[in-house]
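Welcome! Please take a moment to look at the sequence and the 3D view side by side, and then we can walk through them together.

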Amino acid sequence: METYHLTETVHCVKILPDNFKDVLSKKMSFQIRKYDRDYKVNDFLYLKEFEEGYTGRSTPVKINHILKESDGLKEGYILLNIKVVGLLIRNGKRYSQKL
């Protein structure tokens with residue numbers, strides 16, 4: 001997996017266990033998110049598994065495409081096309097996969 005030294009934004013967000021598993025196995029290459037942040041293509045998400053609290057499992061993903069409007073996409077939500085990446089380093093902080 002690749003290592004990225006970043007100037008882009010890293011968004012730390014929660015993800016449910018079933019979705020986390022599907023992202024890791026590459027069955028799921030998207031996230032539907034409330035559009036409450038300034039998400040941009042080439043930004044990163046740090047997905048942190050959450051089930052009644054954080055589980056300690058996490059993985060970084062890169063945003064490759066953003067769909068903001070489409071039939072069937074609820075108003076105020078966006079669809080992010082994502083790809084799991086290896087390691088992010090931003091201002092000395094490391095965002096790595098923890099399983």
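The paragraphs below go from the whole chain to its sheet, then to single residues, and end at a hairpin.

Please keep in mind from the start that this is a predicted model. The chain has one helix and eight strands. If you follow the chain from the N terminus, the elements come in the order β-β-α-β-β-β-β-β-β. The radius of gyration is 13 Å, close to the 13 Å that the globule rule gives for 99 residues, so the chain is as compact as a globular protein of that length. Taken along the principal axes, the C-alpha atoms fill a box of roughly 40 × 30 × 20 Å. Of the 99 residues, 36% count as buried. Contacts also reach far along the sequence: among those between residues at least 6 apart, 65% join residues at least 24 apart.

Now turn to the sheet. In what order do the five strands of the open sheet lie? The order is β2-β4-β5-β6-β3, and the pairing is mixed. At the edges you will find β2 (10-15) and β3 (30-34), each of which pairs on one side only. From one strand to the next, the twist averages 45°. Helix α1, made of residues 17-24, packs on this sheet and touches β2, β3, β4, β5 and β6 (77-84). The direction of the helix makes about 60° with that of β5.

Let us look at some of the strand pairs. Strands β4 (residues 44-50) and β5 (residues 54-67) run antiparallel and are joined by six bridges. One residue to find here is K48, whose bridge partner in β5 is S58. Over at the edge strand β3, five bridges lead to β6, and these two strands are antiparallel as well. There, I32 stands opposite L79 of β6.

Strand β3 also shows how a strand can present two faces. In a regular strand, the side chains alternate between the two faces of the sheet. Which residues of β3 lie on its covered face, and which on its uncovered one? Q31 and R33 are on the covered face, while F30, I32 and K34 are on the uncovered one.

Next come the charged pairs. Side chains of opposite charge can pair when their charged atoms come close. How many salt bridges does the structure hold? There are two. One of them links D38 with K40, with the closest N and O atoms 2.8 Å apart. D38 counts as partly exposed, at 47% relative accessibility, and K40 is partly exposed too, with a relative accessible area of 45%.

In the other salt bridge, the side chains of E49 and R57 meet at 2.8 Å, N to O. Is E49 buried or exposed? With a relative accessibility of 7%, below the 20% limit for a buried residue, E49 counts as buried. Its partner R57 is partly exposed, with a relative accessible area of 29%.

E49 is worth a longer stop. This residue sits in strand β4. Besides meeting R57, the side chain of E49 has a polar contact of 2.6 Å with the side chain of T55. Which residues are in contact with E49, once neighbours within four places in sequence are left aside? They are I15, P17, F20, Y54, T55 and R57.

Another charged residue to visit is K62, which has its place in strand β5. K62 is buried, with a relative accessible area of 18%. Its side chain makes a polar contact of 3.4 Å with the side chain of N42. K62 and K83 are 21 residues apart along the chain, but their C-alpha atoms are separated by 5.3 Å.

The tour ends at the hairpin of β7 and β8. Strand β7 (residues 87-90) and strand β8 (residues 93-96) run antiparallel, and four bridges join them. Across this pair, L88 stands opposite Y95 in β8. Two residues lie between the strands of the hairpin, and N91 takes a positive phi near 50°.

Methods: Residues numbered from 1 in each chain as written. Predicted model: local features only at pLDDT ≥ 70, side-chain atom pairs only at ≥ 80, totals over all residues. Heavy atoms only, no water. Pairing = 2+ DSSP bridges. Axes fitted to C-alpha atoms, helices over the stretch in contact; angles between N-to-C directions. Contact = heavy atoms within 4.5 Å. Salt bridge = Lys/Arg side-chain N within 4 Å of Asp/Glu carboxyl O. Buried < 20%, exposed > 50% of the residue type's maximum accessible area, 1.4 Å probe, protein only. Polar contact = N/O pair within 3.5 Å; in protein donor to acceptor, adjacent residues only side chain to side chain. Rg over C-alpha atoms; globule rule 2.2 N^0.38 Å.
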